[in-house]
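Hi everyone, thanks for coming. I'd like to walk you through one structure today, so please have a look at the screen.

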Amino acid sequence: MIQTTLEITFSDDNFADVAVETNADGELKLQAELVSFAHLGREHARALVQSLADGGFADDELRFDGSSGGMVWIAASFLDVRRGPRLFFEQKPRDLRRIGKDPDVLAARSVLEVLRALAGKRKADADTAARVRATAALIARAAESGYVRHETVFDVSLAAADLAWGTLEPGRGVPPWASPDDLRCAACGSRELEFRLWPSGRAALRCCASCGAGLWFRAGRRPRSVPDAAWKGSEKLRDDLRALSKSSSKETVSSGEPVAGALLADLRALFRENGWPFSDVRGAPVLFSELSGILGRWKFYAQVVEEQDLILLYSVCPFRVPEERRSEVSEFLTRANYGLAAGNFELDFADGEVRYKTALQRHVDGLDAATLRRAVRANGIAMETYLPGVGAVITGTAPVPALERHGGAA
């Protein structure tokens, strides 16, 4: 078990001292600190929103004017239990009587102090600071978008830390206690596994790139599949957080209200006219929905670029491309794009996301429901047509045969 403790001690003059201790070293220590901070911050994202939006630490509203000192003690224990990873989290404000402040105000101030401490304690380690700030931004956006609820706090914390970690260094290594043969999908036998962050020296969490199963590996134990319902829920949340990070500005944090704009308002009206369910991506001019076909379901986004009178439609491939196959998939998509007239495929080399993009220009006479309907249908058909080819390349088929097999033109 890895345990991380945080002690935030406030003095009479509003100075705060943060002590961080973890019974691990190296990357495991950094990962444990990141998840602990994410779990602390998820309930008090207002402080993170205010801080990030102002480009610094805007804690003027959280000062303890003329009050005595006190402490907030936090402990996060990462448990490698049989059915899957668990986090035991404790938070105890101390000496509140002497502080004379609302516990929520104290906790919000604590979030900012821990953010300041973790982002700045290794001045020479720019990656660590970047990961902490990225985690803070994801937690803030998740809370504003309604993703943080009692039953999701663990998944939100772990997903935010995982995405922030993988943005700079997508981990694909084999744990020191395992051999490559040990890391095999318990459901389909595949060895193509995607990294999922879990701070432990004796266990590892992975996602099967072939069948999408969640996998739980422990030293000296047979691999187990994470219960399907729980895993699919956590993976959907992870994908939604990734979409929030890609759709929102990296320099600002939203106000928590749906973005306004004439073109976006028209797009909402057209979605309703076509009878399509959708939700707003808070803080971004984006509508989220889903498309489906005989091969399953996938996420669909419509993004507005107001200043250019442009609507971008995205079908997102339901699985990620493993790092070692991204060059081959890139060739496959490049060949596919050569024969496409209405849109194009894109591959994010950082995380393996594949999406198909269609651009719609609003002209003087506007955009009607039928035109949008045809564009969305064509967008979905393109994803469904080439989805088997992407899967074939991931599993080892060369790009050209995969393209020919599934009806594409080179």
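I'll start with the whole chain, then go to the nonpolar cores, and finish with the aromatic rings.

Please keep in mind that this is a predicted model. The chain folds into eleven helices and 14 strands. Of its 410 residues, 51% are buried. If you take the contacts with a separation of 6 or more, 63% of them are between residues 24 or more positions apart. On the outside, about 18,700 Å² is exposed, and carbon and sulfur atoms supply 49% of that area.

Now for the inside. As a general point, nonpolar side chains in soluble globular proteins tend to be buried together. Here, the largest nonpolar core has 41 residues, and the members touching the most other members are Ile-8, Phe-37, Phe-78 and Val-114. Which helix gives the most to this core? That would be helix 1, residues 26-41, with six residues.

Let's stay with Ile-8 for a moment. Leaving aside residues up to four places away in sequence, Ile-8 touches a list of residues including Ala-16, Val-18, Met-71, Val-72, Ile-74 and Val-114. Polar or charged neighbours turn up too, among them Asp-17, Ser-110 and Glu-113.

There is also a second core, separate from that one, with 39 residues; Leu-333, Met-383, Ile-394 and Ala-402 are among them.

On to the rings. A pair of aromatic rings is described by the distance of the centres and the angle of the planes. This model has nine aromatic pairs. One of them is Phe-288 with Tyr-301, a tilted pair with 5.1 Å centre to centre and 45° between the planes. Phe-288 comes from strand 10, residues 286-293, while Tyr-301 comes from strand 11, residues 296-305, and the two are 13 residues apart. Are these two residues buried or exposed? Both Phe-288 and Tyr-301 are buried.

Compare that with Phe-332 and Tyr-386, which are edge-to-face, at 6.4 Å centre to centre and 70° between the planes. Phe-332 sits in helix 9 (residues 326-338) and Tyr-386 in helix 10 (residues 369-394), so this pair ties together parts 54 residues apart in sequence. Phe-332 and Tyr-386 are buried as well.

Rings can also gather in a group: Phe-78, Phe-154, Trp-198 and Trp-216 make up one aromatic cluster. You'll remember Phe-78 from the largest nonpolar core.

One last ring to look at is Trp-165. The charged end of Arg-131 sits over this ring, 3.8 Å from its centre.

That's my tour; I'm happy to take questions.

Key:
Residues numbered from 1 in each chain as written. Predicted model: local features only at pLDDT ≥ 70, side-chain atom pairs only at ≥ 80, totals over all residues. Heavy atoms only, no water. Helix = DSSP H or I, 4+ residues; strand = E, 2+ residues; numbered from the N terminus. Buried < 20%, exposed > 50% of the residue type's maximum accessible area, 1.4 Å probe, protein only. Contact = heavy atoms within 4.5 Å. Areas by Shrake-Rupley, 256 points an atom, 1.4 Å probe, with all protein chains shown as cover. Phe/Tyr/Trp six-rings, centres within 6.5 Å; stacked < 30°, edge-to-face > 60°. Lys NZ or Arg CZ within 6 Å of the ring centre and 35° of its normal. Core = buried A, V, L, I, M, F, W, Y, C linked by side-chain atoms within 4.5 Å.
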